[in-house]
Amino acid sequence: MRQTSTKRVVAALVVLAIAVLSGCALTPKAVDVVERPLTGSDAQSPGAKGGESAQSGSDPAPAPSDVPAGLRRFYDQKLRWESCASGVSFQCATLEVPLDYRHPSGQTIELAVLRLPTKDRDRRLGSLVVNPGGPGGSGVDYAASAPWVVSPPVLDRYDIVGFDPRGVARSNPVDCLTDKQMDSYLAADGSPDDAKERQTLLNEAREFAAGCRTRSGAILAHVSTDDAARDMDVLRGALGDKQLTYLGKSYGTYLGAKYAELFPQRAGRLVLDGALDPTLSARDLGLEQAKGFEVALRAFLTDCVQRTDCPLGRSLPEAYQKLDAFLAQVDRAPLPTGQSRELTQSLAVTGVIMPLYVKEYWPRLRGALRAGLAGDGSRLLAMADEYVERDSSGTYRNNSGEAIVAVNCLDRPDLRSVKQAEEEQPAFVKASPRFGAYILWGSLTCAEWPYKAVDKPAAIHAAGAKPILVVGTTRDPATPYDWAVRLAKQLDSGVLLTREGDGHTGYMQGNKCTDRAVENFLINGKPPRDGTRCEAG
(Lines give C-alpha, C1' and ligand atoms only; values in the text may rest on other atoms or scores of the structure.)
Protein backbone atom coordinates (compact mmCIF):
# COMPACT_ATOMS: atom_id res chain seq x y z
CA MET A 1 0.00 0.00 0.00
CA ARG A 2 1.36 3.42 -0.91
CA GLN A 3 0.89 6.13 1.63
CA THR A 4 0.10 9.66 0.63
CA SER A 5 3.03 11.27 2.42
CA THR A 6 5.72 8.67 3.08
CA LYS A 7 6.31 5.16 1.87
CA ARG A 8 6.74 2.85 4.82
CA VAL A 9 6.73 -0.88 5.18
CA VAL A 10 4.96 -2.15 8.26
CA ALA A 11 5.42 -5.59 9.74
CA ALA A 12 2.58 -7.99 9.19
CA LEU A 13 0.19 -8.89 11.99
CA VAL A 14 0.91 -11.52 14.28
CA VAL A 15 -0.89 -14.11 16.03
CA LEU A 16 -4.57 -14.54 16.23
CA ALA A 17 -7.71 -13.40 14.61
CA ILE A 18 -9.70 -10.29 14.23
CA ALA A 19 -13.30 -11.28 13.65
CA VAL A 20 -13.10 -14.49 11.68
CA LEU A 21 -9.82 -13.38 10.18
CA SER A 22 -8.06 -15.93 12.31
CA GLY A 23 -5.32 -13.44 12.58
CA CYS A 24 -5.26 -12.20 9.05
CA ALA A 25 -1.70 -11.19 8.81
CA LEU A 26 -2.30 -8.20 7.05
CA THR A 27 -0.83 -5.06 8.23
CA PRO A 28 -0.53 -2.40 5.61
CA LYS A 29 2.59 -2.96 3.56
CA ALA A 30 4.15 -0.62 1.02
CA VAL A 31 5.56 -3.12 -1.42
CA ASP A 32 6.14 -3.40 -5.12
CA VAL A 33 5.37 -7.04 -5.76
CA VAL A 34 8.14 -8.89 -7.56
CA GLU A 35 6.97 -11.78 -9.67
CA ARG A 36 8.60 -15.18 -10.02
CA PRO A 37 12.12 -15.15 -11.51
CA LEU A 38 12.25 -14.03 -15.10
CA THR A 39 14.34 -15.79 -17.67
CA GLY A 40 17.65 -14.04 -17.88
CA SER A 41 21.38 -14.32 -17.53
CA ASP A 42 22.89 -15.81 -14.42
CA ALA A 43 23.42 -12.99 -11.96
CA GLN A 44 25.73 -14.64 -9.46
CA SER A 45 27.20 -12.02 -7.20
CA PRO A 46 30.77 -12.14 -5.93
CA GLY A 47 31.53 -13.05 -2.35
CA ALA A 48 32.79 -10.64 0.24
CA LYS A 49 36.07 -8.96 -0.61
CA GLY A 50 36.96 -7.60 2.76
CA GLY A 51 35.78 -5.19 5.40
CA GLU A 52 34.51 -6.21 8.82
CA SER A 53 33.01 -9.63 8.38
CA ALA A 54 29.84 -10.83 10.06
CA GLN A 55 29.86 -13.98 7.95
CA SER A 56 31.32 -15.49 4.80
CA GLY A 57 30.67 -15.09 1.07
CA SER A 58 27.85 -16.23 -1.21
CA ASP A 59 29.04 -19.73 -2.17
CA PRO A 60 27.33 -22.44 -0.12
CA ALA A 61 28.80 -22.81 3.35
CA PRO A 62 29.91 -26.39 4.08
CA ALA A 63 27.18 -28.23 5.90
CA PRO A 64 27.90 -28.15 9.64
CA SER A 65 29.14 -31.41 11.12
CA ASP A 66 25.95 -31.84 13.14
CA VAL A 67 23.70 -31.81 10.05
CA PRO A 68 22.25 -35.29 9.42
CA ALA A 69 23.66 -36.97 6.32
CA GLY A 70 20.27 -36.95 4.64
CA LEU A 71 20.13 -33.14 4.77
CA ARG A 72 23.63 -32.39 3.48
CA ARG A 73 22.57 -32.11 -0.14
CA PHE A 74 20.14 -29.33 0.78
CA TYR A 75 22.78 -27.36 2.65
CA ASP A 76 25.29 -27.81 -0.18
CA GLN A 77 22.99 -26.60 -2.96
CA LYS A 78 24.08 -23.57 -4.97
CA LEU A 79 21.41 -20.95 -5.56
CA ARG A 80 20.96 -19.92 -9.20
CA TRP A 81 20.29 -16.19 -9.11
CA GLU A 82 18.42 -14.59 -11.99
CA SER A 83 17.33 -11.02 -12.60
CA CYS A 84 13.69 -10.69 -11.58
CA ALA A 85 12.79 -7.01 -11.95
CA SER A 86 13.68 -4.77 -14.86
CA GLY A 87 15.63 -1.61 -14.09
CA VAL A 88 16.57 -2.65 -10.57
CA SER A 89 19.10 -4.95 -9.00
CA PHE A 90 16.82 -7.60 -7.53
CA GLN A 91 17.76 -11.22 -8.04
CA CYS A 92 15.56 -14.28 -7.52
CA ALA A 93 16.25 -17.95 -6.91
CA THR A 94 14.54 -21.05 -5.55
CA LEU A 95 15.69 -23.05 -2.55
CA GLU A 96 14.98 -26.76 -2.35
CA VAL A 97 14.02 -28.17 1.05
CA PRO A 98 12.42 -31.41 2.24
CA LEU A 99 8.68 -31.38 2.74
CA ASP A 100 9.15 -33.36 5.96
CA TYR A 101 12.45 -33.01 7.83
CA ARG A 102 11.86 -36.40 9.45
CA HIS A 103 12.04 -37.94 5.98
CA PRO A 104 14.59 -35.86 4.00
CA SER A 105 14.83 -38.43 1.22
CA GLY A 106 11.13 -38.05 0.46
CA GLN A 107 9.18 -35.31 -1.29
CA THR A 108 10.82 -31.90 -1.67
CA ILE A 109 9.42 -28.41 -2.16
CA GLU A 110 10.86 -25.16 -3.49
CA LEU A 111 10.88 -21.82 -1.67
CA ALA A 112 11.02 -18.47 -3.46
CA VAL A 113 13.99 -16.27 -2.50
CA LEU A 114 14.77 -12.66 -3.44
CA ARG A 115 18.01 -10.75 -2.92
CA LEU A 116 19.06 -7.12 -3.26
CA PRO A 117 22.86 -7.25 -3.36
CA THR A 118 24.74 -4.43 -1.71
CA LYS A 119 26.44 -2.16 -4.20
CA ASP A 120 29.56 -1.82 -2.07
CA ARG A 121 31.04 -5.29 -2.51
CA ASP A 122 34.32 -4.32 -0.83
CA ARG A 123 32.57 -3.59 2.49
CA ARG A 124 29.97 -6.34 2.30
CA LEU A 125 29.33 -8.13 5.59
CA GLY A 126 27.13 -10.91 4.22
CA SER A 127 23.39 -11.52 3.95
CA LEU A 128 20.64 -10.03 6.12
CA VAL A 129 17.56 -12.25 5.99
CA VAL A 130 14.33 -10.33 6.66
CA ASN A 131 10.83 -11.49 7.59
CA PRO A 132 7.78 -9.19 8.00
CA GLY A 133 5.71 -11.42 10.25
CA GLY A 134 2.26 -12.86 9.83
CA PRO A 135 2.56 -15.76 9.87
CA GLY A 136 1.80 -15.52 6.18
CA GLY A 137 3.71 -12.38 5.25
CA SER A 138 5.85 -12.59 2.12
CA GLY A 139 9.56 -12.21 2.77
CA VAL A 140 10.08 -11.78 -0.97
CA ASP A 141 7.79 -8.75 -1.06
CA TYR A 142 9.38 -7.44 2.12
CA ALA A 143 12.90 -7.66 0.72
CA ALA A 144 11.62 -6.02 -2.48
CA SER A 145 10.92 -2.96 -0.34
CA ALA A 146 14.40 -3.06 1.18
CA PRO A 147 14.98 0.75 1.13
CA TRP A 148 11.98 1.13 3.44
CA VAL A 149 12.72 -1.96 5.52
CA VAL A 150 16.31 -1.20 6.53
CA SER A 151 18.26 2.04 6.81
CA PRO A 152 20.92 3.16 4.27
CA PRO A 153 23.93 2.18 6.44
CA VAL A 154 22.61 -1.39 6.62
CA LEU A 155 21.82 -1.45 2.89
CA ASP A 156 25.43 -0.46 2.23
CA ARG A 157 26.83 -3.43 4.13
CA TYR A 158 24.46 -6.35 3.53
CA ASP A 159 22.72 -8.20 0.76
CA ILE A 160 19.04 -8.00 1.79
CA VAL A 161 17.42 -11.41 1.40
CA GLY A 162 13.80 -12.42 1.82
CA PHE A 163 12.08 -15.76 1.32
CA ASP A 164 8.46 -16.79 1.23
CA PRO A 165 8.09 -19.38 4.00
CA ARG A 166 6.58 -22.70 3.03
CA GLY A 167 2.85 -22.37 2.44
CA VAL A 168 3.13 -18.63 1.72
CA ALA A 169 2.76 -16.67 -1.53
CA ARG A 170 5.16 -18.23 -4.09
CA SER A 171 6.32 -21.15 -1.92
CA ASN A 172 3.75 -23.94 -2.30
CA PRO A 173 0.97 -21.67 -1.03
CA VAL A 174 -1.76 -22.97 1.21
CA ASP A 175 -5.14 -22.56 -0.50
CA CYS A 176 -8.46 -22.80 1.32
CA LEU A 177 -11.20 -20.62 -0.17
CA THR A 178 -12.23 -18.90 -3.36
CA ASP A 179 -12.18 -15.11 -3.25
CA LYS A 180 -15.97 -14.99 -2.85
CA GLN A 181 -15.81 -17.51 -0.04
CA MET A 182 -13.13 -15.39 1.64
CA ASP A 183 -15.42 -12.36 1.38
CA SER A 184 -18.11 -14.29 3.24
CA TYR A 185 -15.65 -15.60 5.82
CA LEU A 186 -14.36 -12.13 6.67
CA ALA A 187 -17.78 -10.47 6.74
CA ALA A 188 -19.42 -12.99 9.09
CA ASP A 189 -20.38 -11.72 12.54
CA GLY A 190 -17.28 -12.14 14.68
CA SER A 191 -19.06 -11.31 17.95
CA PRO A 192 -22.03 -13.69 17.85
CA ASP A 193 -24.97 -12.70 20.04
CA ASP A 194 -27.11 -15.82 19.72
CA ALA A 195 -27.08 -19.49 18.76
CA LYS A 196 -27.83 -18.78 15.11
CA GLU A 197 -24.85 -16.44 14.73
CA ARG A 198 -22.60 -18.89 16.57
CA GLN A 199 -23.68 -21.67 14.22
CA THR A 200 -22.95 -19.45 11.22
CA LEU A 201 -19.43 -18.88 12.52
CA LEU A 202 -18.94 -22.58 13.09
CA ASN A 203 -20.11 -23.32 9.55
CA GLU A 204 -17.63 -20.78 8.17
CA ALA A 205 -14.84 -22.34 10.24
CA ARG A 206 -15.70 -25.82 8.99
CA GLU A 207 -15.81 -24.67 5.38
CA PHE A 208 -12.44 -22.98 5.78
CA ALA A 209 -10.74 -26.00 7.36
CA ALA A 210 -12.26 -28.44 4.88
CA GLY A 211 -11.25 -26.21 1.98
CA CYS A 212 -7.67 -26.09 3.23
CA ARG A 213 -7.45 -29.86 3.39
CA THR A 214 -9.00 -30.34 -0.03
CA ARG A 215 -7.19 -27.59 -1.91
CA SER A 216 -3.75 -27.49 -0.25
CA GLY A 217 -2.51 -31.06 -0.36
CA ALA A 218 0.45 -32.42 1.60
CA ILE A 219 1.94 -29.01 2.41
CA LEU A 220 -0.84 -28.29 4.93
CA ALA A 221 0.66 -30.64 7.53
CA HIS A 222 4.13 -29.13 7.21
CA VAL A 223 3.87 -25.36 7.60
CA SER A 224 4.77 -24.99 11.27
CA THR A 225 7.23 -22.39 12.55
CA ASP A 226 9.60 -25.23 13.39
CA ASP A 227 9.59 -26.23 9.71
CA ALA A 228 10.20 -22.63 8.60
CA ALA A 229 13.10 -22.21 11.04
CA ARG A 230 14.77 -25.32 9.66
CA ASP A 231 14.26 -23.97 6.14
CA MET A 232 15.96 -20.75 7.22
CA ASP A 233 19.07 -22.66 8.27
CA VAL A 234 19.21 -24.38 4.88
CA LEU A 235 18.91 -20.92 3.29
CA ARG A 236 21.75 -19.62 5.47
CA GLY A 237 23.97 -22.43 4.26
CA ALA A 238 23.04 -21.94 0.60
CA LEU A 239 23.77 -18.20 0.92
CA GLY A 240 27.27 -19.02 2.12
CA ASP A 241 26.86 -17.50 5.58
CA LYS A 242 28.46 -19.30 8.53
CA GLN A 243 25.96 -17.64 10.85
CA LEU A 244 22.51 -16.18 10.25
CA THR A 245 22.06 -12.41 10.38
CA TYR A 246 18.35 -11.71 10.65
CA LEU A 247 15.71 -9.02 11.07
CA GLY A 248 12.32 -10.43 12.06
CA LYS A 249 9.28 -8.35 12.89
CA SER A 250 6.09 -9.30 14.72
CA TYR A 251 5.55 -13.06 14.20
CA GLY A 252 9.00 -12.98 12.57
CA THR A 253 10.41 -12.62 16.09
CA TYR A 254 9.01 -16.03 17.00
CA LEU A 255 10.54 -17.49 13.85
CA GLY A 256 13.90 -15.93 14.75
CA ALA A 257 13.73 -17.08 18.38
CA LYS A 258 12.81 -20.58 17.27
CA TYR A 259 15.81 -20.55 14.94
CA ALA A 260 18.11 -19.50 17.79
CA GLU A 261 16.73 -22.30 19.96
CA LEU A 262 17.32 -24.91 17.26
CA PHE A 263 20.67 -23.59 16.01
CA PRO A 264 22.26 -21.43 18.74
CA GLN A 265 25.80 -21.81 17.42
CA ARG A 266 24.70 -20.63 13.97
CA ALA A 267 22.68 -17.66 15.28
CA GLY A 268 24.60 -14.47 14.49
CA ARG A 269 23.22 -10.96 14.79
CA LEU A 270 19.49 -11.43 15.31
CA VAL A 271 17.09 -8.48 15.67
CA LEU A 272 13.62 -9.43 16.95
CA ASP A 273 11.33 -6.40 16.65
CA GLY A 274 7.74 -6.39 17.97
CA ALA A 275 8.25 -9.59 19.90
CA LEU A 276 5.97 -12.49 20.74
CA ASP A 277 6.21 -14.27 24.08
CA PRO A 278 6.63 -17.97 23.21
CA THR A 279 5.48 -19.10 26.67
CA LEU A 280 1.92 -17.91 26.08
CA SER A 281 -0.85 -20.24 25.00
CA ALA A 282 -2.96 -19.33 21.99
CA ARG A 283 -5.66 -18.24 24.44
CA ASP A 284 -3.35 -15.94 26.38
CA LEU A 285 -1.75 -14.54 23.24
CA GLY A 286 -5.21 -13.57 22.01
CA LEU A 287 -6.25 -12.13 25.35
CA GLU A 288 -3.15 -9.95 25.65
CA GLN A 289 -3.30 -8.90 22.03
CA ALA A 290 -6.86 -7.74 22.57
CA LYS A 291 -5.61 -5.59 25.45
CA GLY A 292 -2.91 -4.21 23.15
CA PHE A 293 -5.46 -3.05 20.61
CA GLU A 294 -7.44 -1.36 23.38
CA VAL A 295 -4.29 0.53 24.43
CA ALA A 296 -3.72 1.64 20.85
CA LEU A 297 -7.38 2.66 20.44
CA ARG A 298 -7.20 4.74 23.60
CA ALA A 299 -4.12 6.52 22.25
CA PHE A 300 -5.98 7.26 19.00
CA LEU A 301 -9.11 8.49 20.76
CA THR A 302 -7.09 10.66 23.17
CA ASP A 303 -5.47 12.30 20.18
CA CYS A 304 -8.72 12.51 18.21
CA VAL A 305 -10.75 14.44 20.78
CA GLN A 306 -8.11 17.18 20.80
CA ARG A 307 -8.61 17.84 17.09
CA THR A 308 -11.27 19.96 15.42
CA ASP A 309 -12.01 17.30 12.80
CA CYS A 310 -12.67 14.52 15.33
CA PRO A 311 -16.11 13.00 14.59
CA LEU A 312 -16.36 11.38 18.03
CA GLY A 313 -16.71 14.41 20.27
CA ARG A 314 -14.45 16.41 22.55
CA SER A 315 -13.89 14.08 25.50
CA LEU A 316 -12.65 10.53 25.89
CA PRO A 317 -15.88 9.20 27.48
CA GLU A 318 -17.91 10.76 24.66
CA ALA A 319 -15.59 9.24 22.03
CA TYR A 320 -15.94 5.75 23.49
CA GLN A 321 -19.71 6.13 23.70
CA LYS A 322 -20.04 7.24 20.08
CA LEU A 323 -17.72 4.55 18.77
CA ASP A 324 -19.49 1.79 20.71
CA ALA A 325 -22.90 3.03 19.56
CA PHE A 326 -21.69 3.12 15.96
CA LEU A 327 -20.39 -0.45 16.05
CA ALA A 328 -23.58 -1.66 17.71
CA GLN A 329 -25.66 0.04 15.03
CA VAL A 330 -23.61 -1.55 12.25
CA ASP A 331 -24.13 -4.93 13.93
CA ARG A 332 -27.89 -4.40 13.70
CA ALA A 333 -27.90 -2.90 10.20
CA PRO A 334 -24.79 -3.07 7.96
CA LEU A 335 -23.96 0.14 6.12
CA PRO A 336 -24.11 0.68 2.34
CA THR A 337 -20.77 1.17 0.65
CA GLY A 338 -21.67 2.04 -2.94
CA GLN A 339 -21.02 -1.55 -4.04
CA SER A 340 -22.68 -4.93 -3.57
CA ARG A 341 -20.78 -5.59 -0.31
CA GLU A 342 -22.09 -3.97 2.85
CA LEU A 343 -20.01 -2.88 5.82
CA THR A 344 -20.72 -5.47 8.50
CA GLN A 345 -19.64 -5.04 12.09
CA SER A 346 -16.69 -7.39 11.55
CA LEU A 347 -15.49 -5.42 8.54
CA ALA A 348 -15.96 -2.16 10.44
CA VAL A 349 -13.81 -3.43 13.32
CA THR A 350 -11.17 -4.54 10.82
CA GLY A 351 -11.27 -1.07 9.24
CA VAL A 352 -10.70 0.50 12.66
CA ILE A 353 -7.84 -1.83 13.51
CA MET A 354 -5.84 -1.28 10.32
CA PRO A 355 -4.83 2.36 10.97
CA LEU A 356 -3.98 1.66 14.61
CA TYR A 357 -0.74 0.08 13.39
CA VAL A 358 0.73 3.36 12.12
CA LYS A 359 0.16 6.72 13.76
CA GLU A 360 0.38 8.49 10.39
CA TYR A 361 -2.83 6.66 9.42
CA TRP A 362 -4.89 8.20 12.21
CA PRO A 363 -6.22 11.06 10.02
CA ARG A 364 -7.60 8.45 7.63
CA LEU A 365 -9.39 6.73 10.49
CA ARG A 366 -10.96 10.01 11.60
CA GLY A 367 -12.25 10.55 8.07
CA ALA A 368 -13.54 7.00 7.71
CA LEU A 369 -15.40 7.21 11.02
CA ARG A 370 -16.89 10.55 10.03
CA ALA A 371 -18.22 8.98 6.84
CA GLY A 372 -19.47 5.93 8.71
CA LEU A 373 -21.36 8.00 11.23
CA ALA A 374 -23.00 9.74 8.27
CA GLY A 375 -24.17 6.37 6.91
CA ASP A 376 -21.39 5.73 4.35
CA GLY A 377 -19.36 2.59 5.04
CA SER A 378 -17.14 2.80 1.96
CA ARG A 379 -14.06 4.26 3.63
CA LEU A 380 -13.97 1.80 6.49
CA LEU A 381 -14.53 -1.02 4.00
CA ALA A 382 -11.63 0.27 1.92
CA MET A 383 -9.31 0.16 4.95
CA ALA A 384 -10.53 -3.32 5.85
CA ASP A 385 -9.73 -4.41 2.29
CA GLU A 386 -6.26 -2.92 2.55
CA TYR A 387 -5.72 -4.89 5.72
CA VAL A 388 -6.62 -8.19 4.08
CA GLU A 389 -4.99 -7.18 0.78
CA ARG A 390 -8.13 -7.37 -1.34
CA ASP A 391 -8.15 -5.24 -4.48
CA SER A 392 -11.09 -3.42 -6.07
CA SER A 393 -11.74 -6.29 -8.48
CA GLY A 394 -12.45 -8.64 -5.57
CA THR A 395 -9.15 -10.49 -5.83
CA TYR A 396 -6.98 -11.20 -2.80
CA ARG A 397 -3.42 -10.38 -3.77
CA ASN A 398 -1.91 -13.24 -1.80
CA ASN A 399 -2.82 -16.13 0.49
CA SER A 400 -1.73 -14.54 3.76
CA GLY A 401 -5.25 -14.76 5.21
CA GLU A 402 -5.14 -18.52 4.70
CA ALA A 403 -1.50 -19.15 5.58
CA ILE A 404 -1.78 -17.45 8.96
CA VAL A 405 -4.52 -19.84 10.01
CA ALA A 406 -2.61 -22.88 8.79
CA VAL A 407 0.56 -21.95 10.68
CA ASN A 408 -1.19 -20.89 13.89
CA CYS A 409 -3.25 -24.07 14.06
CA LEU A 410 -0.07 -26.18 13.84
CA ASP A 411 1.97 -24.05 16.23
CA ARG A 412 -0.29 -24.02 19.30
CA PRO A 413 -3.33 -25.92 20.57
CA ASP A 414 -6.30 -23.55 20.36
CA LEU A 415 -10.06 -23.48 20.88
CA ARG A 416 -11.65 -26.91 20.86
CA SER A 417 -15.34 -26.00 20.57
CA VAL A 418 -18.05 -23.37 20.49
CA LYS A 419 -18.75 -24.21 24.12
CA GLN A 420 -15.19 -23.32 25.11
CA ALA A 421 -15.45 -20.01 23.23
CA GLU A 422 -18.69 -19.22 25.08
CA GLU A 423 -16.96 -19.92 28.39
CA GLU A 424 -13.97 -17.75 27.49
CA GLN A 425 -15.95 -14.81 26.11
CA PRO A 426 -16.50 -12.89 29.38
CA ALA A 427 -12.77 -12.74 30.05
CA PHE A 428 -12.02 -11.53 26.52
CA VAL A 429 -14.76 -8.89 26.56
CA LYS A 430 -13.57 -7.65 29.95
CA ALA A 431 -10.00 -7.37 28.66
CA SER A 432 -11.09 -5.64 25.45
CA PRO A 433 -14.71 -4.49 25.07
CA ARG A 434 -14.21 -3.58 21.40
CA PHE A 435 -11.89 -6.32 20.10
CA GLY A 436 -11.93 -9.21 22.56
CA ALA A 437 -14.84 -11.18 21.11
CA TYR A 438 -13.45 -10.90 17.57
CA ILE A 439 -10.06 -12.25 18.53
CA LEU A 440 -11.60 -15.06 20.58
CA TRP A 441 -14.09 -16.26 17.98
CA GLY A 442 -11.58 -15.85 15.16
CA SER A 443 -9.71 -18.80 16.62
CA LEU A 444 -12.64 -21.16 16.08
CA THR A 445 -11.24 -22.43 12.78
CA CYS A 446 -8.47 -24.27 14.63
CA ALA A 447 -11.12 -26.31 16.45
CA GLU A 448 -12.00 -27.81 13.08
CA TRP A 449 -8.42 -28.22 11.83
CA PRO A 450 -7.53 -31.56 10.19
CA TYR A 451 -4.09 -31.78 11.86
CA LYS A 452 -3.09 -31.61 15.50
CA ALA A 453 -0.75 -28.90 16.74
CA VAL A 454 2.88 -30.00 16.57
CA ASP A 455 4.26 -27.49 19.06
CA LYS A 456 3.27 -26.05 22.42
CA PRO A 457 4.02 -22.93 24.46
CA ALA A 458 7.49 -23.00 26.02
CA ALA A 459 10.23 -20.60 27.04
CA ILE A 460 13.01 -20.12 24.52
CA HIS A 461 16.49 -19.72 25.99
CA ALA A 462 18.78 -20.26 22.98
CA ALA A 463 21.66 -21.23 25.27
CA GLY A 464 25.00 -20.53 23.64
CA ALA A 465 23.74 -17.95 21.14
CA LYS A 466 25.42 -14.57 20.69
CA PRO A 467 23.59 -11.45 21.96
CA ILE A 468 20.06 -11.25 20.51
CA LEU A 469 18.51 -7.78 20.24
CA VAL A 470 14.81 -7.62 21.19
CA VAL A 471 12.97 -4.39 20.30
CA GLY A 472 9.68 -3.41 21.96
CA THR A 473 7.40 -0.39 21.45
CA THR A 474 5.47 0.82 24.49
CA ARG A 475 2.06 1.23 22.80
CA ASP A 476 2.37 -1.43 20.12
CA PRO A 477 -1.20 -2.51 19.24
CA ALA A 478 -0.46 -5.99 17.91
CA THR A 479 2.50 -7.23 19.96
CA PRO A 480 2.19 -5.70 23.43
CA TYR A 481 5.37 -4.27 24.90
CA ASP A 482 5.39 -6.77 27.76
CA TRP A 483 6.00 -9.55 25.25
CA ALA A 484 9.32 -7.98 24.28
CA VAL A 485 10.28 -7.62 27.94
CA ARG A 486 9.49 -11.28 28.59
CA LEU A 487 11.27 -12.61 25.50
CA ALA A 488 14.42 -10.63 26.29
CA LYS A 489 14.42 -12.10 29.81
CA GLN A 490 13.86 -15.65 28.55
CA LEU A 491 16.72 -15.58 26.07
CA ASP A 492 20.03 -16.33 27.78
CA SER A 493 21.66 -13.60 25.66
CA GLY A 494 18.63 -11.32 25.18
CA VAL A 495 19.13 -7.54 25.12
CA LEU A 496 16.04 -5.30 25.40
CA LEU A 497 15.74 -2.04 23.44
CA THR A 498 12.60 0.02 24.12
CA ARG A 499 11.01 2.56 21.78
CA GLU A 500 8.62 4.92 23.52
CA GLY A 501 5.70 5.56 21.20
CA ASP A 502 2.79 4.34 19.11
CA GLY A 503 2.57 1.90 16.24
CA HIS A 504 3.65 -1.63 15.48
CA THR A 505 7.40 -2.43 15.79
CA GLY A 506 10.27 -0.01 16.41
CA TYR A 507 13.01 -0.10 13.77
CA MET A 508 12.47 2.16 10.73
CA GLN A 509 9.42 3.75 12.32
CA GLY A 510 10.82 7.26 12.54
CA ASN A 511 12.83 7.05 15.77
CA LYS A 512 16.51 7.87 15.19
CA CYS A 513 17.65 6.47 18.52
CA THR A 514 16.12 3.08 17.76
CA ASP A 515 17.43 3.03 14.20
CA ARG A 516 20.99 3.85 15.26
CA ALA A 517 21.01 1.19 17.96
CA VAL A 518 19.87 -1.47 15.48
CA GLU A 519 22.36 -0.26 12.87
CA ASN A 520 25.26 -0.40 15.32
CA PHE A 521 24.33 -3.93 16.28
CA LEU A 522 23.95 -5.19 12.72
CA ILE A 523 27.05 -3.44 11.37
CA ASN A 524 29.46 -3.51 14.30
CA GLY A 525 28.05 -6.37 16.33
CA LYS A 526 27.62 -4.10 19.36
CA PRO A 527 24.22 -4.32 21.06
CA PRO A 528 22.97 -1.39 23.14
CA ARG A 529 23.04 -1.67 26.90
CA ASP A 530 20.26 -3.96 28.07
CA GLY A 531 17.25 -1.83 29.01
CA THR A 532 18.11 1.12 26.76
CA ARG A 533 15.07 3.34 26.15
CA CYS A 534 14.53 5.56 23.13
CA GLU A 535 12.18 8.44 23.81
CA ALA A 536 9.35 9.31 21.44
CA GLY A 537 10.32 11.45 18.47
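Analyst: Buried means under 20% relative accessible area, exposed over 50%, and partly exposed in between (1.4 Å probe, protein chains only). This is a predicted model, where local features need pLDDT of at least 70, side-chain atom pairs count only at 80 or more, and totals for chains, interfaces and linings use all residues. Residues are numbered from 1 along each chain as its sequence is written, and side-chain values use heavy atoms, leaving out hydrogens and water.

User: OK, how many helices and strands does the protein have?

Analyst: Both kinds of element are DSSP runs numbered from the N terminus, with at least four residues for a helix (H or I) and at least two for a strand (E). Of the protein's 537 residues, 63% are buried. The secondary structure comes to 18 helices and 10 strands.

User: In what order do the strands sit in the open sheet?

Analyst: Strands pair when DSSP finds at least two bridges between them. The pairing here is mixed, and 10 strands build the open sheet in the order E1-E2-E3-E5-E4-E6-E7-E8-E9-E10.

User: And which strands stand at the edges?

Analyst: An edge strand here has a single partner strand, so one side of it is left without a neighbour in the sheet. That applies to strand E1 (82–83) and strand E10 (532–534).

User: Is strand E5 (residues 158–163) enclosed or open, and how many of its residues are buried?

Analyst: Take E5 one face at a time: Tyr-158, Ile-160 and Gly-162 on one side are buried, and so are Asp-159, Val-161 and Phe-163 on the other. That split fits the general pattern, since side chains in a regular strand alternate between the two faces of the sheet. E5 is therefore largely enclosed by the rest of the structure, and its buried residues number six of six.

User: Which residue in E5 is the bridge partner of Val-129?

Analyst: E5 has strands on either side to consider. With strand E3 (residues 108–116) it pairs in the antiparallel sense over four bridges, and there Leu-114 is matched with Gly-162. E4 and E5 run parallel, joined by five bridges. In that second pairing, the E5 partner of Val-129 is Val-161.

User: What does E4 do with E6, and which residue in E6 stands opposite Val-130?

Analyst: E4 (residues 126–131) runs parallel to E6 (residues 244–249), and three bridges join them. Opposite Val-130 stands Leu-247.

User: Where is Pro-135 found?

Analyst: Its peptide bond is worth a look, as the link from Gly-134 to Pro-135 is cis, with omega near -5°. Pro-135 itself is in the loop between E4 and helix H2 (139–144).

User: Is Asp-231 buried or exposed, and what is its relative accessible area?

Analyst: Asp-231 is part of helix H7 (residues 225–239). Leaving aside neighbours within four places in sequence, it has contacts (heavy atoms within 4.5 Å) with Leu-95, Val-97, Tyr-101, Leu-111 and Arg-166. Asp-231 counts as buried because its relative accessible area is 0%.

User: Two non-glycines catch my eye, Glu-389 and Thr-505. What is the phi of Thr-505?

Analyst: Glu-389, in the loop between helix H13 (378–388) and helix H14 (400–411), has a positive phi near 60°, and it is buried at 8% relative accessibility. Thr-505 is in the loop between strand E9 (494–502) and helix H18 (512–524), and it is buried too, at 0%. Its phi is positive, about 75°.

User: Over which residues does pLDDT stay under 50?

Analyst: pLDDT is the predictor's confidence in each residue, from 0 to 100. The protein's mean is 90, and 89% of its residues reach 70 or more. The stretch staying under 50 is residues 1–53.
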